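Q: Could you take me through one part of this model up close? I'd like to hear about the strands and the cysteine link there, and then how that part sits in the rest of the chain.

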Amino acid sequence: MANSGIQLLGFFLSLIGIVGLIIGTILPQWKMSAYIGDNIITAVAMYQGLWMSCAFQSTGQLQCKIYDSILQLDSSLQATRALMIVGIIVSIAGLGVACMGMKCTTCGGNDKLRKSRIAMTGGIILLVGGLCAIVACSWFAHNVIRAFYNPYTPVNTKFEFGAAIFIAWGGSLLDVLGGAMLASSCPRKKQVSKYPSMAGSRSGPPSSNKEYV
């Protein structure tokens with residue numbers, strides 16, 4: 001059986017990871033304008049996220065605009081959105097399942113074997129949710145890098161990584177790490193000895209029931 005301390009550590013790591021995924025998904029700083037070439041000195045900094053784009057002016061004013069139509073968005077951005085939402089929902093569901101199987105909870109009865117299997121199932125679900133988020137962040141980052149090094153992309157429209165994508169990356173990694181700890185709750189089968197017990201051999205010879213006359 002897995003140690004209850006490892007289960008608690010995995011639970012809290014996954015919980016922090018899910019919070020990081022939610023914050024990273026909401027924030028608009030998935031990519032920010034790159035200050036290269038003639039764009040080194042500018043009065044406006046552009047940010048783009050999964051749900052909105054923002055312009056931060058040198059005066060300290062921040063203006064954000066939510067994307068008007070989903071159909072007008074790039075297909076990669078739509079896929080990133082979908083994977084992040086799926087990753088968050090699956091991770092929350094996995095955290096709930098793992099909570100029922102932890103040793104420190106009373107859910108699921110007193111059957112330790114069944115509770116360990118429930119915790120293992122929750123850990124596997126958390127792994128799936130974390131992997132969905134990692135794929136979403138990596139795909140978005142790949143598109144940003146490809147557009148940055150594309151020679152046909154104008155200098156003033158090039159972007160680099162923002163803070164939100166690193167928060168989402170960190171949250172997904174914590175989610176995977178916590179899920180792996182909870183998945184280690186897989187119960188081990190008891191090993192049956194191939195050799196007979198030595199208790200019988202240590203006892204004395206069987207007494208004879210024969211009576212001599």
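A: Sure, and keep in mind that this is a predicted model. Let's start with strand S2, residues 44–48, which runs antiparallel to strand S3, residues 52–57, with 5 bridges joining the two. A hairpin of 3 residues carries the chain from S2 to S3. If you want a landmark on that pairing, look at Ala45, which stands opposite Phe56 in S3.

Phe56 is also handy for finding the next strand along, since its bridge partner in S4 is Leu62. S4 covers residues 62–66, and it pairs with S3 in the antiparallel sense, again over 5 bridges. Here the hairpin has 4 residues between the strands, and Gly60 in the turn has a positive phi of about 95°.

Now for the cysteine link. The structure holds 1 disulfide, and the partners are Cys54 and Cys64, with their sulfur atoms 2.0 Å apart. The angle about the S-S bond is 110°, so to speak a right-handed link between Cys54 and Cys64. Cys54 lies in strand S3 and Cys64 in strand S4, so the disulfide ties together parts that are 10 residues apart in sequence. The two ends have their own surroundings: Cys54 has 2% relative accessibility and counts as buried because the cut-off is under 20%. Cys64, at 43%, counts as partly exposed.

What about other cysteines? Cys132 is buried, with a relative accessible area of 18%, and Cys137 is buried too, at 0%. Cys137 brings us to the packing, as this residue is among those with the most contacts inside the largest nonpolar core, alongside Trp30, Leu50, Met84, Phe140 and Ile165. That core has 16 residues. Helices H2 (75–101), H3 (112–148) and H4 (163–183) each supply at least two of its residues, and H3 gives the most, with 6.

Leu50 is a good place to stand if you want to look from the strands into the core. Leaving out residues up to four places away in sequence, Leu50 touches Thr25, Trp30, Tyr67, Leu77, Thr80, Arg81, Met84 and Phe140. Trp30, Met84 and Phe140 are named with Leu50 among the core residues with the most contacts. There is also a second, separate core of 7 residues, including Ile18, Leu95, Ala98 and Met102.

Stepping back, the chain comes to 5 helices and 5 strands, and from the N terminus on its elements run α-β-β-β-β-α-α-β-α-α. The unreviewed UniProt entry places the feature "transmembrane region" at residues 6–27, 39–59, 79–98, 118–141 and 161–183. In the model, residues 6–27 are 95% helix and 0% strand, with the end C-alpha atoms 31 Å apart. Residues 161–183 are 91% helix and 4% strand, and the end C-alpha atoms there lie 32 Å apart.

For the chain overall, 35% of the 213 residues count as buried. Of the contacts with a separation of 6 or more, 68% come from residues 24 or more positions apart. The chain exposes about 13,300 Å², and carbon and sulfur atoms supply 66% of that area.

Conventions
Residues are numbered from 1 along each chain as its sequence is written. This is a predicted model: local features need pLDDT of at least 70, side-chain atom pairs count only at pLDDT 80 or more; totals for chains, interfaces and linings use all residues. Side-chain values use heavy atoms; hydrogens and water are left out. Two strands pair if DSSP finds at least two bridges between them. A disulfide is a pair of cysteine sulfur atoms within 2.5 Å. Buried means under 20% relative accessible area, exposed over 50%, partly exposed in between (1.4 Å probe, protein chains only). A nonpolar core is a set of buried Ala, Val, Leu, Ile, Met, Phe, Trp, Tyr and Cys residues joined through side-chain atoms within 4.5 Å. Contact means heavy atoms within 4.5 Å. UniProt positions are given in the numbering used here, feature names are shortened, and annotations may be inferred rather than shown by experiment. Accessible areas come from the Shrake-Rupley method with a 1.4 Å probe; for residues, only the protein chains shown count as cover.
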